[in-house]
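Here is a short report on the fold, its core and a few residues worth a look. Keep the structure open while reading.

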Amino acid sequence: MVVPAIERRPAVEAPPEREPKRWTVKEAYAWLELFPEARFELIEGKVYERMAHSPEHAGGVRRLTRWAIRVFGDESISSQLPLSMIGRDAETSEPEPDIVVVKPGDYDSRHPRPDEVLLVVEITYTSHKMDLETKAALYGRNGIVEYWALDLQSRRLIVHREPSEKGYGVITILDESRSIAPLAAPEHSVTVASLLP
């Protein structure tokens, strides 16, 4: 029995994986003009759709907003509005934190910059990786002096301080029995439990 010869062909190489498009802030705004109803956040050149908030997340935003207004006054508080980044992130990131406390200033013609921010707070419920890794690194390397992540599932507050190019030098995890005061208002302590549902 004669076995037919098998022609050996070189294996076909799969095409290299293409890097997803990295958006700039300028491109994202142009896109928004075409789709004005779109809700998104630009982080490190990636566009993330802002989903509807769960009742738990919305409740966290309301509780934190009320507390922040009592401590800092309503003129200093913004919720889910853009921040302008600096350095290499200026063109590729425009986060919209859940709560931002800013220094007094005129923000009608521009977004606040990191050196004008006293405190950023994100409510983390289903977005742990984004809030505790990606955004923490972004806020740290942009010099935001204090970043809180309120973890609703684990009922804890993760406090980030001492920003650096690598993120934050000091990260403190507080369970619901503990209290904390923001660096910008050290006389105003708050219990973690009072911020949780």
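## The largest core

This is a predicted model. Its largest nonpolar core holds 24 residues. Leu-64, Trp-67, Trp-148, Leu-150 and Leu-157 touch the most other members. Helix 2, strand 4, strand 5, strand 6 and strand 7 (156–164) each give two or more residues to this core. Helix 2 gives the most, with six residues.

Apart from this core lies another one, of 15 residues. Among its members are Val-120, Leu-138, Tyr-147 and Ala-149.

Leu-157, one of the best-connected members of the largest core, reaches several parts of the chain. Leaving aside neighbours within four places in sequence, Leu-157 is in contact with Trp-148, Ala-149 and Leu-150. Its contacts also include Thr-172, Ile-173 and Leu-174. Ile-180 and Val-192 complete the list.

## Overall layout

The protein has three helices and ten strands. From the N terminus on, the elements run α-β-β-α-β-β-β-α-β-β-β-β-β.

Of the 197 residues, 41% are buried. The protein exposes about 11,800 Å². Carbon and sulfur atoms supply 55% of that area. Among contacts with a separation of 6 or more, 52% join residues 24 or more positions apart.

## The six-stranded sheet

Six strands form an open sheet in the order 3-4-5-6-7-8. The pairing is mixed. Strand 3 and strand 8 (167–175) stand at the edges. Each has a single partner strand, so one side of each is left without a neighbour in the sheet.

Strands of a sheet pair through backbone hydrogen bonds, either parallel or antiparallel. Both kinds can be followed here from strand 5. Strand 4 and strand 5 run antiparallel and are joined by four bridges. Val-100 has Val-120 of strand 5 as its bridge partner. Strand 5 and strand 6 run parallel and are joined by five bridges. Glu-122 has Ala-149 of strand 6 as its bridge partner.

## Strand 6, covered on both faces

How many of the six residues of strand 6 are buried? Six of six are buried. In a regular strand the side chains alternate between the two faces of the sheet. On one side of strand 6 sit Glu-146, Trp-148 and Leu-150. On the other sit Tyr-147, Ala-149 and Asp-151. Both faces are covered.

The two cores can be traced through this strand. Trp-148 and Leu-150 belong to the largest core. Tyr-147 and Ala-149 belong to the core of 15 residues.

## Helix 2

Helix 2 covers residues 55–72, which is 18 residues. At 1.5 Å a residue, this helix should span 26 Å. The C-alpha atoms at its ends are 25 Å apart, which agrees. Gly-73 follows helix 2 and has a positive phi, near 90°.

The helix lies across strand 3, strand 4, strand 5 and strand 6. Helix 2 runs at about 160° to strand 5. Its buried residues include His-57, Gly-59, Gly-60, Val-61, Arg-63 and Leu-64. Thr-65, Trp-67, Ala-68, Val-71 and Phe-72 are buried as well. The cover over these buried residues includes strand 3 (77–78), strand 4 (99–102) and strand 5 (117–124). Strand 6 (146–151) and strand 10 (190–191) also contribute to this cover.

## Loop residues to check

Which residues lie in the loop between strand 3 and strand 4? Asp-89 is one of them, and Gln-80 is another. Asp-89 counts as buried, at 5% relative accessibility. Not counting residues up to four places away in sequence, Asp-89 touches Leu-138, Arg-141 and Asn-142. Leu-138 is also a member of the core of 15 residues.

Gln-80 is not a glycine, yet its phi is positive, about 55°. At 16% relative accessibility, Gln-80 counts as buried, because the cut-off is under 20%.

Arg-155 is also not a glycine and has a positive phi of about 50°. Arg-155 sits in the loop between strand 6 and strand 7. With a relative accessible area of 27%, Arg-155 is partly exposed.

Terms used. Residues numbered from 1 in each chain as written. Predicted model: local features only at pLDDT ≥ 70, side-chain atom pairs only at ≥ 80, totals over all residues. Heavy atoms only, no water. Expected span 1.5 Å × (residues − 1). Buried < 20%, exposed > 50% of the residue type's maximum accessible area, 1.4 Å probe, protein only. Contact = heavy atoms within 4.5 Å. Areas by Shrake-Rupley, 256 points an atom, 1.4 Å probe, with all protein chains shown as cover. Core = buried A, V, L, I, M, F, W, Y, C linked by side-chain atoms within 4.5 Å. Pairing = 2+ DSSP bridges. Axes fitted to C-alpha atoms, helices over the stretch in contact; angles between N-to-C directions.
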